[in-house]
Amino acid sequence: MSAVVPEEVARNVAFLSDSGVWHVVSRNRPAFSCADAARKRKRLSHRGQEVGIPLCDELKTAVCVVEHEHGQEFVVLHCRGHQLLDDDKLAAVLGAAVRRMEPDELEQSFDLAYGLVTPFAFAERDDVRQVFDRTVIEPFFPPYTMMTNLGHHEYGVEFQPRELVGALPRSSVEDIARGEGQRVPVEHTLGILTGNGPESGRFLWSRIDECIRNHPDVPFRGDIGLPRVVVESVPEMGLSMELEERLSTVRPAVLDGVRRLCERGATVVGIACNTTQYFVDDIREVCEAHGAQFVSIVEATAAALADEGIERVVFLGIGAVSDFDRWSDFRRIAGEFAFDRPPDDLIDEIDDLAFLVKQRGIVSVTINPMRDIVRRAAASEDTVILVALTELSLLVASQRRSRRRFVDTLQILAEAMAGIYIQERIPLDVGPEAAQEESAAARVPDAGSG
């Protein structure tokens with residue numbers, strides 16, 4: 001921080017330093033409300049390349065008056081930026097109804113203005129009580145810090161909430177926020193089972209990260225915006241290429257792999273393999289026993305096709321995955337869509353190509369046969385091709401241009417798993433309830449910080 005700073009900023013920083021509260025000071029464009037400040041804060045970006053924090057990580061502060069029988073009490077209330085305060089809860093905690101201070105009252109009593117209120121400003125006031133909602137000290141998302149202003153529209157500070165609450169005199173933690181806003185988010189750990197082949201798991205992981213980076217509803221803010229991922233690469237998964245002959249070996253390998261993922265903390269599990277979806281009921285039972293959610297490629301594919309209005313596809317998979325009478329879990333949705341199954345001789349070639357990719361990787365001797373299979377399976381360039389083979393997923397991804405439309409089940413699985421992870425963040429990042437409050441700020445000046 002520069003040696004020359006506004007007096008109020010220096011005073012508040014001194015309080016944090018003297019109290020032993022960890023903090024980092026930053027400079028931002030002028031901010032006048034919680035939502036405005038959250039868009040402009042700088043955290044984990046000492047060079048200012050990344051701007052903005054989730055709304056839930058901006059501290060919202062309201063200065064209120066409580067009229068008791070014995071007199072008037074000043075109370076400063078704090079919650080997360082996406083939340084609304086609950087008047088009934090406040091009355092129960094404070095013993096009387098709460099009245100939010102008008103801007104002129106705020107200026108006359110404390111020489112403060114809307115957008116400049118901070119918990120530090122009241123640290124030396126014996127006549128002010130401070131109350132924090134219980135979720136303020138709960139960990140939400142990395143790096144588990146919050147921010148607020150330093151008594152100036154252009155200065156922000158990052159701090160550890162629990163340390164700050166402990167350093168403030170006459171402060172307490174209570175249940176004061178409204179309804180759903182108090183839900184502490186699930187910080188999902190994604191589990192990937194792979195091995196048929198291991199490249200498919202790496203491909204799935206990279207596509208999950210790509211989906212999160214480019215998600216339209218939540219701004220991506222660097223490494224801390226990506227999920228914790230645990231991976232089990234099980235060599236026996238490769239035996240699923242001969243599922244009918246090796247069922248008794250493949251089943252325990254799959255279920256043990258899923259169990260290990262759950263034991264390592266996975267809350268959302270996906271399998272980078274179309275063949276072993278055959279064990280969906282057993283897999284789901286293992287996941288449910290550990291409180292985890294299994295994401296089925298088949299169910300995700302059905303939802304994706306329906307969302308895009310696709311009714312007919314050329315189905316490309318190995319023999320077991322293309323066997324809608326017995327071995328393919330896609331049989332469960334075969335009645336919902338028209339799956340054009342290639343002739344048996346072409347499926348045999350697809351099997352051979354899958355083994356070749358395992359041995360040689362993505363090279364010309366595997367890319368050219370893939371192109372030939374696609375041309376023969378889908379004569380019309382308008383045909384939608386459903387890629388239900390991880391080796392073909394890798395081959396298709398290597399092609400920069402194609403006039404045919406491919407729908408890749410691994411990509412669909414990546415989008416589904418990323419969507420579950422992101423869904424926890426959307427209301428906390430953009431805050432629909434807080435947005436409603438922002439729009440009403442001119443009528444009811446109930447928030448003093450941002």
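Is Thr276 buried or exposed? Thr276 counts as buried, at 0% relative accessibility. The model discussed here is predicted. Thr276 sits in the loop between strand 11 (268-271) and helix 8 (280-289). Leaving out residues up to four places away in sequence, Thr276 touches Met237, Ser240, Val250, Val254, Ile271 and Ile283.

Ile283 leads on to the nonpolar cores. Ile283 belongs to a core of 26 residues that also includes Val234, Leu261 and Val286. This 26-residue core is separate from the largest one. The largest nonpolar core has 63 residues. Within that core, the residues with the most contacts are Leu204, Ile208, Phe315, Phe330, Phe339, Leu392 and Met417. Which helix gives the most to this core? Helix 13 (residues 409-423) does, with nine residues. Such grouping fits a general pattern: in soluble globular proteins, nonpolar side chains tend to be buried together.

Phe330 is a good place to look into the largest core. Setting aside neighbours within four places in sequence, Phe330 is in contact with Asn274, Ile297, Val298, Thr301, Phe315, Val321, Phe324, Phe339, Ala388 and Thr409. Several of these contacts return in an aromatic cluster. That cluster is formed by Phe315, Phe324, Phe330, Phe337 and Phe339. Inside the cluster, Phe315 and Phe324 make an edge-to-face pair. Their ring centres are 5.0 Å apart, and the planes stand at 80 degrees. Phe315 and Phe324 are both buried.

How many aromatic pairs are there in the structure? The count comes to ten. Another of the pairs joins Tyr278 and Trp327. Here the centres lie 5.2 Å apart and the planes meet at 45 degrees, so the pair is tilted. Tyr278 shares its loop, between strand 11 and helix 8, with Thr276. Trp327 lies in the loop between strand 13 (312-316) and strand 14 (338-340). The two residues are 49 apart in the chain, and their pairing links distant parts of it. Both Tyr278 and Trp327 are buried.

Trp327 has a charged partner as well. Arg326 lies over the face of Trp327, 4.0 Å from the ring centre. A second arginine is placed over a ring elsewhere. Arg425 lies over the face of Phe141, at 4.0 Å from the ring centre.

Now the cysteines. How many disulfides does the structure hold? The answer is zero. Why is Cys34 not bonded to Cys79? The sulfur of Cys79 is the closest cysteine sulfur to that of Cys34, but the distance is 7.5 Å, too far for a bond. Cys34 is buried, with a relative accessible area of 1%. Cys211 is in no disulfide either. For Cys211, the nearest cysteine sulfur is that of Cys273, 20 Å away. Cys211 also counts as buried, because its relative accessibility is 16% and the cut-off for burial is under 20%.

The backbone has some points to check too. Which peptide bond near Pro143 is cis? The bond from Pro142 to Pro143 is cis, with omega near 5 degrees. Pro143 is in the loop between strand 5 (128-133) and strand 6 (146-149). Another cis peptide bond joins Asn196 and Gly197, and its omega is about -15 degrees. Gly197 lies in the loop between strand 9 (189-194) and helix 6 (198-213).

Phi angles come next. Asp111 has a phi near 55 degrees, a positive value in a residue other than glycine. Asp111 lies in the loop between helix 4 (103-110) and strand 5. Asp111 is exposed, with a relative accessible area of 64%. Arg170 also has a positive phi, near 55 degrees, and is likewise not a glycine. Arg170 is found in the loop between helix 5 (161-167) and strand 8 (171-174). Arg170 is partly exposed, at a relative accessible area of 33%.

Helix 3 (residues 87-94) closes the walk. At its start, a side-chain oxygen of Asp86 reaches to within 2.9 Å of the backbone nitrogen of Asp88. Just after helix 3, Gly95 takes a positive phi of about 85 degrees.

Note on methods. Residues numbered from 1 in each chain as written. Predicted model: local features only at pLDDT ≥ 70, side-chain atom pairs only at ≥ 80, totals over all residues. Heavy atoms only, no water. Polar contact = N/O pair within 3.5 Å; in protein donor to acceptor, adjacent residues only side chain to side chain. Helix = DSSP H or I, 4+ residues; strand = E, 2+ residues; numbered from the N terminus. Core = buried A, V, L, I, M, F, W, Y, C linked by side-chain atoms within 4.5 Å. Buried < 20%, exposed > 50% of the residue type's maximum accessible area, 1.4 Å probe, protein only. Contact = heavy atoms within 4.5 Å. Disulfide = S-S within 2.5 Å. Phe/Tyr/Trp six-rings, centres within 6.5 Å; stacked < 30°, edge-to-face > 60°. Lys NZ or Arg CZ within 6 Å of the ring centre and 35° of its normal.
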